[in-house]
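Okay, thanks everyone, I'll keep this short. Let me put the model on the screen and we'll walk through it together.

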Amino acid sequence: MFAETTPRGRHLRKLRERPTMAAKNTQHCGWPRTPQGRAGVWITRSRRHTVFGSHALALLALLGTCFATANGQNVAERHVAQTPRAFAATLNEAVRAHPVAFLDRIGWGANSAQLAELHRLGAIRFLDAQLDPRARAALPSPLGRSLSRLPVNAPLENWVPELIADERSILRARGRISAESHAAQAANNRLKILRQHANLLVRQAMQEQLLRAIYAQNQLHQRLIWFWMNHFNVFRGGNIGPMMGDYVRHVIAPHVLGHFRTLLQATMFSPQMLLYLNNAQNHRGHINENYAREVMELHSVGLGAHYTQTDVTDLAHVLTGLGVDLLGRPVHVRPALRAWVWQHGLVVFNPARHDPQPERVLGHTFAGQGIGEIEQVITVLANDPATARHISYELAQYFVADQPSAALVSAMVRTWEHTHGNIAAVMRTLFMSPQFAASLSQPQFKDPMRYLLSAVRASYSGRIVTNPQPLIGMLYRLGEPLYGRQTPDGYPLAADAWSSPGQLTTRFAVAQQLAAGAPALFLRSEWMHRVSYPLASRAWMIRPAQPPDLEHSAVFEAAEATLSQATLSTLAQTTDRRRWNALWLSSPEFMTE
Amino acid sequence: MMHRRQFLKVAVAGSLLPSARVWAASSAGRPKFVLVFLRGAYDAANLLIPYRNDFYYESRPHIAVPRPESGRDGAIALDADWALHPALRASLLPLWQRRQLAFVPFTGTHDMTRSHFETQDHIELGQGPQPTDFNDGFLNRLIQQLNGRTPAMAFTSQVPLSLRGPARVPNLALARSSRTLITAQQRRRLEQMWGDTPEAHAVAEGFTVRSEVNHDMATARWAAEMRAASRGAVDPGGFVGVAARVGALMRDSFEIGFIDVGGWDTHVYEATTNGAQGQLATKLGALGEGLAALARAAGPAWKDMTVVVISEFGRTFRENGNRGTDHGHGSVYWMLGGSVRGGRIAGEQVPLSPSTLNQNRDYPVLSDYRAVLGGLFARLWNLNAGRIRAVFPDTQARDLGLV
C-alpha cells in the first residue's frame with residue numbers, strides 16, 4: 001500500500017500534553033455522582049477497594065487531592081451533597097441551549113428520535129441511560145435479526161481454520177504443478193473464490209459497524225467502539241481482514257464501558273492484535289519486540305512515561321509464547337509443560353515457546369509463571385498512573401476539546417484511580433464536568449467518521465440504509481477508512497488533521513451526494529441475497545432518489561438558533577431541496593459539533 | 001447564540017486573503033524540490049548494502065542481500081564498500097550511472113525514542129530535539145525564506161506537518177480525488193458561508209487546486225504520459241501512477257512537492273529466500289519504478305529537480321527472530337535528480353562492527369539530517385547561513401556538494 005498520508009496531529013498533542021499535565025489542578029473536582037445517585041455502582045466498588053474502612057473516609061479518599069485543602073470531613077461531605085446539583089444544573093442549561101451539539105458529542109450525531117428522547121428524559125437521565133454498560137442497541141427489528149445472522153459473526157474457531165486450511169492446501173497443490181497447466185488455472189480460480197469470500201466478510205464487518213452506528217440507540221456505546229478500536233488499532237491486511245467483525249463485536253464492544261484492564265487484556269489475547277503487531281511470532285530465542293513497544297507507547301503508559309529500551313525488550317521476553325494458531329490445532333508439548341498450556345479459540349499460550357527467565361519491566365519482576373506472568377504484566381500496565389493520565393487525556397480530547405484542560409484530565413484521573421479504571425465512571429466525570437458543559441458552545445471540527453455518520457443520521461434516520469457500501473467508499477475518500485489505518489497509532493483525534501483544503505473539497509462532494517437522496521444507499525446490499533435478509537422484502541426495495549426534507553427536520557430546527565448569519569443568509573438563497581440540503585450539510589456548523 | 005461563530009473567528013486574524021490562483025506559475029530554470037517520506041522506517045541496510053563487511057552477513061543469516069557475485073539475486077556493487085539492492089536494477093541503476101543518484105548513509109535525527117510517530121514528527125518539524133511550535137514545519141519555513149510565493153503542493157490527503165505553518169500550502173491526494181461536479185454557483189455560496197471562519201482560505205484553496213489540477217492534467221494528457229513513463233499499464237491509484245502525475249504537475253506548476261509512502265515497518269518476513277526476495281524487495285522495486293516514472297514525466301524539468309527520499313530511522317543491524325528487523329536509529333537518505341551530483345556515497349562513514357553500531361544495535365547517526373538538508377537548500381537556492389538557520393534553528397549546514 002502506497003502513498004498513505006499520515007497526519008501527525010495526535011502525537012503532537014501528546015508532546016503538548018506534557019507541560020500542561022504538570023499544571024496543578026486548583027479549579028474544581030469532577031464529581032461524577034448524579035442527583036439520582038445512579039453512580040452507586042462504582043461508589044460501592046471504590047469502597048471495597050479502598051484501604052480506609054469507614055464510609056466517610058472512603059469518600060474523602062475518593063475525592064483525592066481536590067479537597068486536600070478542605071477543612072475536614074464535614075466540609076467534604078457538604079460539598080458532595082451540593083456539587084452534583086450544581087453540575088447538573090450547568091449541564092442542563094448547556095444542553096438546553098445546544099441540544100444538537102450535545103447529541104453529536106455523546107453519539108454519532110443528532111436525529112429526531114433522540115432529540116425527542118432527550119427532551120423527555122432531560123440531560124441527566126439521558127446520560128445515565130447512555131452510560132449504562134448494559135444499554136441495548138435496540139435496532140429496528142428486521143435489521144437486528146439480519147445482522148445477527150451474518151456469517152462474519154460466527155465464532156472464529158468455527159470457520160477460520162477451514163478457510164486457512166483450504167487456502168494453504170490450494171497454494172501447496174499449485175506449488176507442485178506447472179503454472180500453465182489446466183490444474184493451475186483451476187487452483188487459481190478456487191483461490192480467487194476463497195479470497196472473494198474473505199473480502200465479503202471484511203465488508204460485512206464494516207457494513208454492520210456502520211449500520212449499528214447509524215441505528216443503535218446506545219449511541220455512546222457505538223461511539224466508544226470506534227474510539228477504542230482506534231486506540232487499539234489493527235489493520236485489515238492479510239488474514240486479519242475477515243476477523244475484523246470478531247474484533248469489533250467480541251474483543252472491543254463488550255468492554256467499552258467496563259474496566260480498562262479487561263479491555264487491555266481482551267486486545268492482548270485477541271488473534272487480531274497478536275498477528276498485527278507480530279507477537280504471534282515472538283518466542284524464545286526469536287524475540288520480536290513490536291507489540292511490546294506499542295503496548296507501552298500507544299496502548300497503556302504512553303510515550304514519555306518512565307520506560308526504556310530495556311523495558312521494551314524485557315516485556316517482549318515476558319510476552320513470548322503468546323500467539324495464534326489459525327488452524328486451531330491442539331498444542332503438543334512435553335509432559336512437564338502440559339499444565340502450562342492455555343488455549344482459547346485461536347489464541348494459544350505455548351510454554352515451550354515462552355522464555356521462563358526472570359524479567360524486570362517498569363520495576364516489577366516477572367518469572368516462572370507462564371501465562372500468569374502475562375496477566376501480571378497487564379495489571380502493572382493498566383494500574384500505572386501514567387496509563388490513567390494517558391487514556392483520560394485521549395478521551396477528553398475525543399469528547400471535549402483538542403486541548404483539554406488540565407483540570408478536566410486530573411478529575412478523570414482521580415475517578416480512574418478510585419474506580420480502578422472503570423471507563424463508565426471516568427466518562428461520567430467527563431460529561432458532568434463544567435468543561436464539557438462549556439465545550440458545547442465551543443465546537444470541535446468533526447473527523448470524517450463523525451462528519452459522515454452525523455450527516456447520515458440527520459438525513460436518513462427514518463429510513464433504513466440497505467446498502468452501506470457507498471459510505472465505506474466515502475470514508476476512504478475522506479482519508480479515514482474503517483480498519484484502514486496501517487500504523488498502530490490510529491487516526492489522529494484533533495481537528496487540525498482534518499481541515500485541509502483537499503479534505504474540505506471532498507466533504508462538499510460527499511454532502512452533495514447525500515443531499516440528493518443518495519439512491520445507492522437504498523439498493524439491495526450485496527449480502528442481502530446471500531443470507532436470509534428480511535429487509536430484502538419488497539417494502540425496503542429500491543425507491544427513486546428522494547432528497548430528504550432537511551429544512552423541516554427536527555435536527556435543523558434544533559440547530560437553527562446556533563447558526564451564523566452567513567450560513568442563514570446563504571441557505572435563504574435557494575429553495576431547491578437538493579441544493580439547500582447540500583449547503584446545510586456543508587456548513588461550518590454542521591462540520592463541527 | 002453566536003458563540004460558535006465567535007469561536008471560529010479566533011484564528012482568522014493575521015492570515016492573508018485568498019489569492020485567485022493558489023500558486024504563482026512555476027518559471028522554467030528555477031530549482032524544484034520533492035520530498036518523499038518513507039513512513040514506517042525502511043531497512044536502509046538492505047537498500048545500500050555494506051557488501052565487503054562479513055559482520056553484515058553474520059548479522060543477517062536469512063535476510064542479507066547476497067554478495068554481488070551471486071547472480072541475479074546479488075547486490076549491485078556501487079563502489080568499494082557499498083552495493084545497491086537488485087530490485088532497483090532496471091529503475092534506478094541507470095540514474096546512478098548517469099551520476100544523477102547519490103546516497104547519504106548514517107543520516108537521521110538524534111531522537112532515540114525509536115517511536116515512529118514521535119520521530120516522524122521531530123523530522124517534519126525540524127526544530128531540534130525540543131519542538132516548541134507544532135504548526136511550523138521545516139518545508140513551510142523554507143517557503144517563507146524563498147519569499148513566500150514559491151508554489152508548493154502536498155500530494156497527500158492531509159497537509160503533512162513539514163508543510164504546515166504561515167505559508168499556506170494546498171493538498172490533493174491524487175489517488176483519491178473525485179470528479180464530483182460542484183457548480184460555480186454552489187461554490188460561490190459555499191465560499192460565502194465559510195467566509196468568516198478560520199477554514200475560509202482552505203475552502204477557497206481546495207476549489208482552486210482541484211480545478212487547476214484537473215486543468216493541468218487535461219492539458220498534460222497525463223494518462224498517455226503515465227503509460228509511456230511507466231512502460232505499460234499501471235494502476236493509476238498505485239504509487240507508480242501517482243508518482244508519474246506528480247512528475248507532470250511538478251514540471252508544470254510546482255517548485256516544492258511532498259509525497260509519502262507507507263508500509264515499511266518490516267518486523268516480520270522482510271525477506272523470503274534471501275534479502276533480494278520478499279516484501280522489502282517488492283516495495284523497493286515499486287518505489288524505484290515510481291521514482292523513475294516521476295523522472296520521465298518531469299521531462300525537461302528533471303534537469304532542475306532534486307528528489308530526496310527520507311525515513312524516520314533505520315532498523316536493527318541484526319535480523320530478529322522472524323526474518324525481519326526491529327526499530328533502529330541511523331538511516332540512508334537518497335538524493336536524485338537532474339541537478340544532483342551523484343554516482344557517489346556522500347557524508348561521513350564508519351566501518352560497521354559491534355563497537356561502531358549505536359548501542360551495539362543499529363546504525364549511528366553521523367550526519368544530522370538538518371545539516372544535510374540545510375547544505376542542500378543552501379546550494380539549491382543560494383541561501384546564506386542566516387536563512388538556513390531560519391529553516392533549521394541552531395543548525396550548522398553541512399555542504400556535501402550534492403547539487
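So, let's start at Leu452 in chain A. If you skip its neighbours within four places in sequence, Leu452(A) is in contact with Leu471(A), Met474(A), Leu475(A), Leu478(A) and Val510(A). And before anyone asks: yes, this is a predicted model.

Where does Leu452(A) sit in the bigger picture? The largest nonpolar core has 165 residues, and Leu452(A), together with Met412(A) and Leu430(A), touches the most other members. The top contributor to this core is helix α9 of chain A, residues 182-215, which gives 9 residues. There's also a second, separate core, with 113 residues, and among its members are Val261(B), Ala292(B), Ala293(B) and Leu376(B).

Now, some of those Leu452(A) contacts take us to helix α22 of chain A, residues 469-477. Which residues of α22(A) are buried? They're Leu471(A), Met474(A), Leu475(A) and Arg477(A). They span an arc of only 160° around the axis, so they end up on the same side of α22(A). What do they pack against? In chain A, that's α9, α21 (448-460) and α23 (501-515). After α22(A) comes Gly479(A), and its phi is positive, near 85°.

Let me zoom out to chain A for a second. We're looking at 26 helices and 5 strands. Of its 593 residues, 54% count as buried. And if you take the chain A contacts with a separation of 6 or more, 75% of them are between residues 24 or more positions apart.

Okay, the interface. How many residues does each chain bring to it? From chain A it's 60 residues, in contact with 65 residues of chain B. On the chain A side, the elements that give two or more residues are α1 (9-22), α14 (290-299), α23, α25 (565-571) and α26 (577-585). Remember α23(A) from a minute ago? It provides the largest share of that side, 10 residues. By class, the chain A side has 19 nonpolar, 32 polar and 9 charged residues.

Over to chain B, and strand β5, residues 101-108. Is β5(B) buried or exposed? Buried: 8 of the 8 residues are, so the strand is largely enclosed by the rest of the structure. As for partners, β5(B) pairs with β9(B), residues 331-336, in the antiparallel sense over 6 bridges. If you want a spot to click on there, Pro105(B) is opposite Val332(B).

β5(B) also runs parallel to β10(B), residues 344-345, with 2 bridges joining them. In that pairing, Ala102(B) has Arg344(B) as its bridge partner. Then there's β11(B), residues 367-368, again parallel to β5(B) and joined by 2 bridges. Here, look for Thr107(B) opposite Ser367(B).

Last stop, another sheet in chain B. Three strands make an open sheet, in the order β2-β4-β3, with antiparallel pairing. β2 (48-49) and β3 (76-77) are at the edges with a single partner strand each, so one side of each has no neighbour in the sheet. β3(B) pairs with β4(B), residues 83-84, over 2 bridges, and Ala77(B) stands opposite Ala83(B).

That's my tour. Happy to spin the model around if anyone wants another look.

Terms used
Residues numbered from 1 in each chain as written. Chains lettered and ligands numbered in written order. Predicted model: local features only at pLDDT ≥ 70, side-chain atom pairs only at ≥ 80, totals over all residues. Core = buried A, V, L, I, M, F, W, Y, C linked by C-beta atoms within 7 Å. Buried ≥ 20, exposed ≤ 12 C-beta atoms within 10 Å, placed from the backbone. Helix = DSSP H or I, 4+ residues; strand = E, 2+ residues; numbered from the N terminus. Contact = placed C-beta atoms within 7 Å. Pairing = 2+ DSSP bridges. Arc of directions from axis to C-beta. Nonpolar A, V, L, I, M, F, W, Y, C, P; charged D, E, K, R; others polar.
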